[in-house]
Amino acid sequence: MSSEYSYDEQGQFFPFFVVTIVGIVTLPLTYSILKPNSDPGATAPRVKSSFRPEHADLIDGQRKAQKRRERKLKRIITVIAGWAIMVFMVYLIKVTARSVNKIWNPYDILAISDSSSERQIKKRYRDLSLKHHPDKRKPDPSKNETMETINEYFAELTKAYKALTDEDIRNNYIQYGHPDGKQSFSIGIALPKFIVTDGNGKYVILVYAVLLGVVLPYLVGTWWYGTQRMSREKILIESANNLFREYDEDITQGGIITALSIGTEFQHTLKGEKAESNLGKLESRVLAESKTSSLAGGLSAKDRQDLQDLEGVRRKTLALLWTYLGRVELDDTSLNKSKVEVAPIAHALNNAFTAISLAYGTTAPILASFFTSQNLIQAVPPGASPLLQLPYFTQDIAQAIEGVGSRAHLTLQQYMSLPAAYRKKITVGKGLLTEEQYQTAVNVALQLPRFQVEKAFFKVTGEKYITPSSLVSLVIKGRIIPPGSENVPEVKPADLDDVDAAEDDLDALRGKAEDKIQQPPLAHAPFFPRDYSPRWHVFLTDSKQGKIAVPPFTFTTFDKPIYDKSGKPTFNMQTLKAQFQAPPQDGQYTFVLHLVCDSYVGFDTKMEVTLTVSDASAAVEIEAEDDISEPDEDSIAGQMSMLKNGGVPPPRKKKVQNQDDSSDEESDTDGEVVDDDTSETDTDTDEE
């Protein structure tokens, strides 16, 4: 038995091969392009404002460039080319005639049925041999017949006859499907034969060598080293290592900004002539004296010294960061463009610094990194007035409103809570805002999503009490109340409950289909060259040790609508939940709850919460006592009790309904059951 290779001379199978190979690449790429964007900011609403900052064209250019990178243009081109090739191959499959290999069948050759007897077979063969014997038949040119084809046909007739009458030949036919016994098999190659003939073989080998020896290793290597070079926070590993060395437990926000300048990414952005050009001009602007602060860029004395101690690219990077935070005008298009470019890089590096700080678990650096994120997104120096987040507000205007020499800054909430007439009086005027600018600022403030905590408590799902090492839920009830909101409704006690779903309520357990995720508007950050969706970080700290007790839980969406169709706040009660393991010992644990928004300055909440962990055995005894009920007056025991009490039936305990009271579900962290509202957990939430 031998083997032979057959090539696709007619191009029947080559299109199938190409469609398969191209489809393996094209289909996954198509899905990656068409799949819904997982970025929460892709479909989020925006804060409505007509404000355009200075150099808005540079900021918009950076945003557009980022969107172009996110569109993955190369991938789109590859997908289009792949589908074009696949469509063309399908067309070839449709129009190419197919040749079907015919199975050798002696009955078909003799043109008789499978049930023919031996006598009928012999008679049929005799008739055909008399008609088609080469000695009795001449070639017919009209049928393209030759003596060779006549001889071949007669040989086939003889072979078919013997396959049905000769015992040995018939056994070969039955066993191997052919009278001659085992046949050689053919290996089909879905390539046209001309590719490997006529001296083309060397080119095929060259193509294979390039594909398998160069292109494939290059693609795999690029992907592998690309993933190894980047951290989870999408920064270079080298930058993460540098930030790790910059970490210090006493680091301030200014110190973090200095540490961020060590990122290797800045060397790629400020390469060539950008590395040290115009550094003198840059420093003269950022270190210039200002009316409202010691330096125009908002640097402290230590920050200034840190800047002057650096050299090269890092020194220019840090100077650019301070000019961005201080909104310093540089009067140079190239410098202003570089100032805008460094902001998103610094923000990514700050996320990595936050992760490093969390690994150490010290509270101060973690809070400083979150506050630095606020500064970078809002382009506000550390310690500057939160009023700078409003359109048209400058440091001079903020100082005029707060009062010259005032040490305490007004938050947006405090500013917007001032009487409207007085607020307008101190804001509108010569050297301040115009009437139109003031109205724009107020309208923006009324759209900012400030989360106001109404209640925070602990609970264990399905249990009355919190026992050691149980899975505890920190439940935070709050509302989105923009600064300056009017007619805010009172909090309903029922809204502060967190009732567990019944075991048979599948809709509640799985989440109702109609409950859609509600996204807050994108951060109002006109100076930040990226669209950014706000994030709220919730975590617990131990104030005595200055350490993180429960790591941050991050929230980007809410469970109820934040604004109605007209854009007005709904003041719906939102619920945030974070689960963690209770301490292994019973007792009372006081934590400091931090709720930090990474996009706005002054929208943070800090309050004390107390977790009461009950001993497991004591909790069981208390539950057993609660389960003992008074005898029902309709029963015999009830009648006996009534006679003993002089005919007065004993007071009956009111049955607790699941829908009205969830005392079986929540744990009172102070260990006392409140009669009128047993569904809530007293948390000692004294706001600091």
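This briefing covers the nonpolar cores, a strand pair and selected salt bridges of the structure. The model is predicted: local features need pLDDT of at least 70, side-chain atom pairs count only at pLDDT 80 or more, and totals for chains, interfaces and linings use all residues. Residues are numbered from 1 along each chain as its sequence is written, and side-chain values use heavy atoms, leaving out hydrogens and water.

**Nonpolar cores**
- The largest nonpolar core (buried Ala, Val, Leu, Ile, Met, Phe, Trp, Tyr and Cys residues joined through side-chain atoms within 4.5 Å) has 102 residues, and L243, F458 and I476 have the most contacts inside it.
- Helix α15 (residues 333-360) gives the most to this core, with nine residues.
- A second, separate core has 15 residues, including I112 and F154.

**Strands β3 and β4**
- Strands are DSSP runs of E with at least two residues, and helices are runs of H or I with at least four, numbered from the N terminus.
- Seven of the nine residues of β3 (residues 451-459) are buried, so this strand is largely enclosed by the rest of the structure; buried means under 20% relative accessible area, exposed over 50%, and partly exposed in between (1.4 Å probe, protein chains only).
- Eight bridges join β3 to the antiparallel strand β4 (residues 471-480).

**Salt bridges**
- The structure holds 14 salt bridges, each a side-chain nitrogen of Lys or Arg within 4 Å of a carboxyl oxygen of Asp or Glu.
- D306 and K302 form one at 3.3 Å, N to O; D306 is buried at 18% relative accessible area, whereas K302 is exposed at 58%.
- K459, D498 and K577 are joined into one network by salt bridges that share partners.

Methods:
Two strands pair if DSSP finds at least two bridges between them.
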